[in-house]
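Reader: I am new to this structure and would like to go through it step by step. Please show it to me, and then I will ask about it.

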Amino acid sequence: MYCNYSKDKFNSEITFIEPNWEMSTLERDIFEACLSDAESHYLALIDNGWKPQQARNILPLATKCEIVMTGFISDWKHFFNLRYFGITGAPHPQAKELAEPLYNEFVARGYVQSN
């Protein structure tokens, strides 16, 4: 099932995630213009009868999405090893940004022990 961002559930708009790296004013302007264009083109395709799973192909990686994940504690430990501790190499900065508070929550709840 794909989200239809033209519906009221999403206030008929797409939410984008701001990168966690520094940008100049010019770079930020270009970035935001690209996102604005993607949103307007997505909504235009939906208005012209495209299904959400078709129109989503034009959306950038910066599109916010919500996911629900389940797993055994061993699976989560593996996730944290890869995306927070970077045992196989430096994790992507945004993956680490997501994994850090999640790891801290797992420690606080006693699901994993702090390293």
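**Salt bridges**

Author: The side chains of Glu-18 and Arg-28 meet in a salt bridge, at 3.4 Å from N to O. A salt bridge here is a side-chain nitrogen of Lys or Arg within 4 Å of a carboxyl oxygen of Asp or Glu. This is a predicted model, in which local features need pLDDT of at least 70 and side-chain atom pairs count only at pLDDT 80 or more, while totals for chains, interfaces and linings use all residues. Residues are numbered from 1 along each chain as its sequence is written, and side-chain values use heavy atoms, with hydrogens and water left out.

Reader: How many residues apart in sequence are the parts that Glu-18 and Arg-28 tie together?

Author: Helices are DSSP runs of H or I with at least four residues, strands are runs of E with at least two, and both are numbered from the N terminus. Glu-18 lies in the segment before α1, whereas Arg-28 lies in helix α1. The pair therefore ties together parts whose separation in sequence is 10 residues.

Reader: Is Glu-18 buried or exposed?

Author: Buried means under 20% relative accessible area, exposed over 50%, and partly exposed in between, with a 1.4 Å probe and protein chains only. Its partner Arg-28 has a relative accessible area of 25%, so Arg-28 is partly exposed. Glu-18 has 52% relative accessibility and so counts as exposed.

Reader: Which side chain meets that of Arg-109 in a salt bridge?

Author: By the rule above, the count comes to 2 salt bridges. Arg-109 counts as exposed because its relative accessibility is 54%. Its partner is partly exposed, with a relative accessible area of 36%. At 2.5 Å from N to O, the side chain that meets Arg-109 is that of Glu-105.

**Cores and helices**

Reader: How many residues make up the largest nonpolar core?

Author: A nonpolar core is a set of buried Ala, Val, Leu, Ile, Met, Phe, Trp, Tyr and Cys residues joined through side-chain atoms within 4.5 Å. The members of the largest one are Trp-76, Phe-79, Phe-80, Tyr-84, Ala-99, Tyr-103, Phe-106 and Val-112. Both α3 (73-83) and α4 (93-108) supply at least two residues each to this core. Its total is 8 residues.

Reader: How many residues does the other core have, the one with Ile-14 among them?

Author: This core lies apart from the largest one. Its members include Tyr-42, Ala-55 and Leu-59 as well as Ile-14. The number of residues is 6.

Reader: Against what do the buried residues of α4 pack?

Author: In α4, the residues Ala-95, Ala-99, Tyr-103 and Phe-106 are buried. Contact means heavy atoms within 4.5 Å. The buried residues of α4 pack against α3.

Reader: How far apart are the end C-alpha atoms of α4?

Author: The expected span of a helix is 1.5 Å times one less than its number of residues. For the 16 residues of α4 this gives 22 Å, and the model agrees with that, because the end C-alpha atoms are apart by 23 Å.

**Aromatic rings**

Reader: Are the rings of Trp-76 and Phe-106 stacked, edge-to-face or tilted?

Author: Rings of Phe, Tyr and Trp (its six-membered ring) pair if their centres lie within 6.5 Å; planes under 30 degrees apart count as stacked, over 60 as edge-to-face and the rest as tilted. The structure holds 10 aromatic pairs. In the pair of Trp-76 and Phe-106, the ring centres are 5.1 Å apart and the planes are at 45°, so the pair is tilted.

Reader: How many residues apart in sequence are the parts that this pair ties together?

Author: Trp-76 counts as buried, at 10% relative accessibility, and Phe-106 is buried too, with a relative accessible area of 11%. Trp-76 lies in helix α3 and Phe-106 in helix α4, so the separation in sequence of the parts they tie together is 30 residues.

**A loop residue**

Reader: Which residue's backbone oxygen lies 2.8 Å from a polar atom of the Thr-63 side chain?

Author: Thr-63 lies in the loop between α2 (52-55) and α3, and counts as buried at 12% relative accessibility. Leaving aside neighbours within four places in sequence, Thr-63 is in contact with Tyr-5, Ile-14, Thr-15 and Phe-16. The backbone oxygen at 2.8 Å belongs to Pro-60.

Technical notes
A polar contact is a pair of N or O atoms within 3.5 Å; within protein, one must be able to donate a hydrogen and the other to accept it, and residues adjacent in sequence count only if both atoms are side-chain atoms.
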